[in-house]
Amino acid sequence: MRAGRAIPHEEGRHVAMPLGGIGTGNLAICADGSLRQWQLQNVGNHRGVLPYTFFALRVSTWEPPSDELFVLQAQAPDAPATPLVDDDHVPAWQRDLLSAHQGVPATTFRGVYPFAHLDYHGLPVEVGLEAFNPLIPLDVDDSSLPAALFTFTVTNPGPLPAQVWLAAAVQNPVGHDGTTPVDGVRALGYGGNTNRVRRSGGWTSLVMDNAGLDPAAPGAGQAVLTVDAADAAVLPQWTHPDEFLAFLAGRAVYGDAERVRHASWAADPQASGPQQAFGTSPPGQTWNGGVVAPMVLQPGESRQVRLCLAWCFPNRYASFVQFGPPNPEWGPTRFWLGNAYATRFADALDVAAHVRDRWTSLREDSLRWVETLTGSSLSPVEVEHLAAQASILRSPTCFRAADGAFFGFEGVLGASTVMWTGDVGGSCPLNCTHVWNYAQAAARLFPTLERSMRATEFGVMQAPEGYLPHRVIVPTYLRQLWDRPIGGPVEPALDGMLGAVLKTYREVRHGAALDAYWPGVKRLLDHIRGKWDPHGSGVLLGVQPSTHDIDLCGLNPFMGTLWLAALRAAEEMALLAGEPALAAELRELFTRGSARYDEELFNGSYYVQVPAEGDSAEFQWLDGCLADQLIGQWWAHQLGLGYVLPREHVVSALRAVVAHNLRKGFRDFEHPYRVFADEDDVGLLMCTWPRGGRPAVPTRYCDEVWTGSEYQVAAHCLWEGLEEEGRAILDGLWSRYDGRRRNPYNEIECGDHYARALAGWSVLDALAGASYDAVTGRLTVAPRGPGRWPLLLPDGWGTLVRDAEGVRVEPAWGELSISGIEHGPG
């Protein structure tokens, strides 16, 4: 599989594809061939390093005599920094390694998540690498493996035989907390580390332990590096790369593999190799280890070598600052949460054995998903970025506790958050309802994860009065944020509550049972109606806390369209629950509200905000053009709810948003907030004032560019047939994240791998023009031209095909339970 855009390492200095499963932590493979961003120990740390972990290659020929050794990494170019991102950061130890030893002249990266492909140029033999972690939509377990899988293909293009040794070096990470800096082999938590060798089934493994640790310590666990070479040589203990590279340089062509056939613990088949050691590391230090796989390649011959790095760190703790006032009853405890993956595997050896046994099937199923994308009518750029949506779910933004419950931060603290809370850990915990309002990818790729979030909302977070705080406290047996100031905003976010209604209906349409949520939804609706619409006007008034971290006021289309869509969703759920009287009541509210919002807020071009008498203009947008003014209509299209406002006004407002807010070039733009677009970038501003009237203190973040909002508006444009406008937004967004100045696998906002960016999945739905309702089993397709589109249903996935013969579905994985296909509006 060679799909993906070819990116030379000089142009892809920000490319860093995460390798890890859901809730497992990860590392990143970069365009220069390096491994960076080590985040294995249950904490987000974009600057995380695991020194002296690298790949190397030695190539020798007898005639003419030649012997060369290469570190398989290209020298990163020096270039100006990009604001608020650090994916291009090359650790000092890697720069030192390449200054002391020969690297690769150049590399080329191709990626369609979860697969990364690298070609190494300028070597005596041809070398390619495939790296991935299994990703199979709908299969949470097989997409939650704590491992990185590497397959090297080495080809001898020359006329003479070549002796080749492929090497992988790794530092024993056990004991480290994943947070504090590592200096060579020294770090907090290190000491007493051991590296052992095990050989079984044709594989050679380096097992990294630390038996002296408290089993409950955050860094307690195990890691394993394994290679599918029975005769691989292992140097289990060393402290500096020069030692390992000297070991590699000293390999003989024939190392007498028979010496280890009956000694699975033996490290080196070569009698002339250095004396091996297996003792514990000194206090405050760890060991490095490495494996070397030998091969002799005849002219034109190719050989594949597979390596797997597996890990198991079971002790996830609530080691992050949670919102709300101090809770003295917590005491000094960092509450244990655990990891779901650690309930399936005893240790990293268990993980490695599972991966080795199922490598082929895991790869084939993951590849089948990629081929579903690449074999569709999506363009290569669309494939690259839409496939990358899943990487957010498998970054440290998200995790699954030992009981299987799914949780998400807003993002991972990083370069965009240092001004307020540092750059290590999760951003803005936890399950922030108003940010996750935008996220659509999880519900389609892994529906059970979103169902878990709904269970947390209505089973844990919901207050006795019916409202939902917009963050959850973990462990969930602790007191929740009821009647307490929260933060971002202070009071429970109204848009998060409205989104909970919409997300619940989405989950029902994806096959979830309504009765589990319906009582909570009704209590939530009663609270919203009683507080913001006590007179049954159909519109919301008063202080309306929002995702902009401020309180909106008066009539406004942001909260208004979410309210209208929520009324329609609740109406549909009431009908399913056998409550036609409530459904009729909600429909009447919707009808009144829709008419009033349209009458009072549409200015002939777009929808504005009209404050009530006495409302302050501070942090409002008033006559401004808000990018998210039709977010509720975006939701309604995805849920088959029809229009919440007149279509002609909706289309007009969308055209206005693109005309006024899509900025081309930011060199002369004053950034009063965070810089997510600069220089010659194209980006959609959150709010502009094309007719003047910008308040002295405008709505917060108005001058920022949020990818989540861009995806929302672009997808909505595509739903409405505004192809040019939608494409203009997406072209600008994806050009900003093309690897040159920002990472295509890391869209940022308040942190890296930001959850709001998961709105991008709605672009695929809009392009496909398909909507599925598991309640009826009906697939509704909008009129589109001929094409092939990826189709994800609750129990299976495949391809939606439109051609001269009509509309049909081609299954690829699981079951596609479709009772019928019907045509919907364009």
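**Exercise 1. In this predicted model, decide whether F406 and W436 are buried or exposed, and then work out how their rings meet.**

Step one: F406 and W436 are both buried in the predicted model.

Step two: the centres of the rings of F406 and W436 are 6.2 Å apart, and the angle between their planes is 90°. Ring planes over 60 degrees apart count as edge-to-face, and the pair of F406 and W436 is accordingly given as edge-to-face.

Step three: turn to the places of the two residues in the chain. F406 belongs to strand β19, which covers residues 406-408, while W436 belongs to helix α6, which covers residues 433-436, so the pair ties together parts that are 30 residues apart in sequence.

Step four: set the pair in its wider context, which is a total of 25 aromatic pairs found by a search of the whole structure.

**Exercise 2. Classify the ring pair of W634 and W635, and find which residues join F54 in a cluster of ring pairs.**

Step one: the ring centres of W634 and W635 lie 5.9 Å apart and their planes stand at 70°, so this pair is edge-to-face.

Step two: check the burial of each partner against the cut-off, under which a residue is buried if its relative accessible area is under 20%. W634 has 0% relative accessibility and therefore counts as buried, and W635, at 0% relative accessibility, counts as buried too.

Step three: for the cluster, follow the ring pairs from F54, which link this residue with W238, F244 and F247.

**Exercise 3. Identify the ring over which the charged end of R58 sits, and the ring over whose face R756 lies.**

Step one: begin with R58, whose charged end sits over the ring of W165 at 4.0 Å from the ring centre.

Step two: continue with R756, which lies over the face of Y438, where the distance to the ring centre is 4.7 Å.

**Exercise 4. Describe the salt bridge between R251 and D268, including the places of both residues in the chain.**

Step one: recall the principle that side chains of opposite charge can pair when their charged atoms come close. Here the side chains of R251 and D268 meet with an N to O distance of 2.7 Å, and the structure as a whole holds 48 salt bridges.

Step two: locate the partners, which both lie in the loop between α2 (241-249) and β16 (288-297) and are 17 residues apart.

Step three: judge the burial of each partner. R251 has a relative accessibility of 6% and so counts as buried, and D268 is buried as well, with a relative accessible area of 11%.

**Exercise 5. Trace the salt bridges of E507 and name the network to which this residue belongs.**

Step one: E507 forms a salt bridge with R454, at an N to O distance of 2.8 Å. This pair links distant parts of the chain, with E507 in helix α9 and R454 in helix α8 (residues 447-461), 53 residues apart.

Step two: consider the accessibility of these partners. E507 is buried, with a relative accessible area of 1%, and R454 counts as buried because its relative accessibility is 0%.

Step three: E507 also meets the side chain of R506 in a salt bridge of 2.8 Å, N to O, and both R506 and E507 are buried.

Step four: bring the bridges together, since those that share partners join E450, R454, E457, R506 and E507 into one network.

**Exercise 6. Find how many cavities of 30 Å³ or more the structure holds, and compare the linings of the largest and the second largest.**

Step one: the structure holds seven cavities of 30 Å³ or more.

Step two: the largest cavity has about 240 Å³ of space. It is lined by 20 residues, of which R444, H510, Q638, D765 and Y772 are the closest to its centre. Among the elements that give two or more residues to this lining are α7 (441-445), α9 (494-509) and α13 (631-638).

Step three: the second largest cavity has about 140 Å³ of space and is lined by 17 residues, with N42, V43, G44, R316 and P396 nearest its centre.

Step four: set the two linings side by side. The lining of the largest cavity has twelve nonpolar, four polar and four charged residues, while that of the second largest has six nonpolar, ten polar and one charged.

How values were computed:
Residues numbered from 1 in each chain as written. Predicted model: local features only at pLDDT ≥ 70, side-chain atom pairs only at ≥ 80, totals over all residues. Heavy atoms only, no water. Phe/Tyr/Trp six-rings, centres within 6.5 Å; stacked < 30°, edge-to-face > 60°. Helix = DSSP H or I, 4+ residues; strand = E, 2+ residues; numbered from the N terminus. Buried < 20%, exposed > 50% of the residue type's maximum accessible area, 1.4 Å probe, protein only. Lys NZ or Arg CZ within 6 Å of the ring centre and 35° of its normal. 1 Å grid on protein atoms, 1.4 Å probe; cavity = no way out; pocket = protein on both sides within 12 Å on 5 of 7 lines; lining within 4 Å. Points joined across faces, edges and corners; volume = space filled by probe spheres on them. Nonpolar A, V, L, I, M, F, W, Y, C, P; charged D, E, K, R; others polar. Salt bridge = Lys/Arg side-chain N within 4 Å of Asp/Glu carboxyl O.
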